[in-house]
Amino acid sequence: MTTDDPGFHSQSARRTTLRGVGAVAVLVGLVLVGIALVDFISAMASQDIDARPGKIWMFFVGVLLLVVGGLCLNAGRGDIRKRHTAPEAAAGSAAAVRCPSCGVTADEGARFCASCGQPFARARTS
Ligand SMILES: [Zn+2]
């Protein structure tokens, strides 16, 4: 008997799998589309009527893989991206600290002004 992973672990594992599958699918899709394009162009370049692009199916399969891979990548990355952008978007310009000496805006975590070197007070003054 094997013990199942807790929900959290299986979720992050699924996300990692999604990202891996997505990356591979996009990569393979790009290669297939590239091969199909080269084949198509070479078939067009040669005036031989019989030289039809035989690998045109690769183009459609490649595009399909690109779409599926992109969706997988988005699904696997969605949570992380949301977590990263949410605080920044919510805080906006309010996150910046204005130097009381020269008025240059600095990052919230900055302890000294990058412009004039004025130390910022640790306690937030409003
Ligand atoms: Zn300053």
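Student: Which residues make up the largest nonpolar core?

Tutor: In this predicted model, the helices α1 (7–45) and α2 (56–91) each supply at least two residues of the core in question. The set holds six residues in all, and every member has to be buried, with 20 or more other C-beta atoms within 10 Å of its own. The largest nonpolar core is made up of Ala25, Leu32, Ala36, Met58, Leu65 and Cys72.

Student: Which residues does cysteine 72 touch, not counting residues up to four places away in sequence?

Tutor: Cys72 belongs to the largest nonpolar core, and Ala25, another member of that core, is among the residues that cysteine 72 touches. With residues up to four places away in sequence left out, the residues touched by cysteine 72 are Leu18, Val21, Gly22 and Ala25.

Student: In what order do the elements of the protein run from the N terminus on?

Tutor: The protein contains two helices and two strands, with the helices being α1 (7–45) and α2 (56–91) and the strands β1 (97–98) and β2 (105–106). Read from the N terminus on, the order of these elements is α-α-β-β.

Student: Is valine 104, in the loop between β1 and β2, buried, exposed or partly exposed?

Tutor: Valine 104 has 14 C-beta neighbours inside 10 Å, whereas a buried residue needs 20 or more and an exposed one has 12 or fewer. Because its count falls between those two limits, valine 104 is classed as partly exposed.

Student: Which residues is alanine 106 in contact with, leaving aside its neighbours within four places in sequence?

Tutor: Alanine 106 is found in strand β2 and, with 17 other C-beta atoms within 10 Å, is partly exposed. Valine 104 touches Cys99, Cys113 and Ala114, among others, and these three names also appear among the contacts of alanine 106. Leaving aside neighbours within four places in sequence, the contacts of alanine 106 are Ala96, Val97, Cys99, Cys113 and Ala114.

Student: Which element of the protein has the lowest mean pLDDT?

Tutor: The protein averages a pLDDT of 77, and 71% of the residues score at least 70. Over residues 88–93 the pLDDT is below 50, and this stretch has zero contacts in the model beyond near neighbours in sequence. Among the elements, the highest mean pLDDT, 87, belongs to α1, while the lowest, 75, belongs to α2.

Technical notes. Residues numbered from 1 in each chain as written. Predicted model: local features only at pLDDT ≥ 70, side-chain atom pairs only at ≥ 80, totals over all residues. Helix = DSSP H or I, 4+ residues; strand = E, 2+ residues; numbered from the N terminus. Contact = placed C-beta atoms within 7 Å. Core = buried A, V, L, I, M, F, W, Y, C linked by C-beta atoms within 7 Å. pLDDT = per-residue confidence, 0-100.
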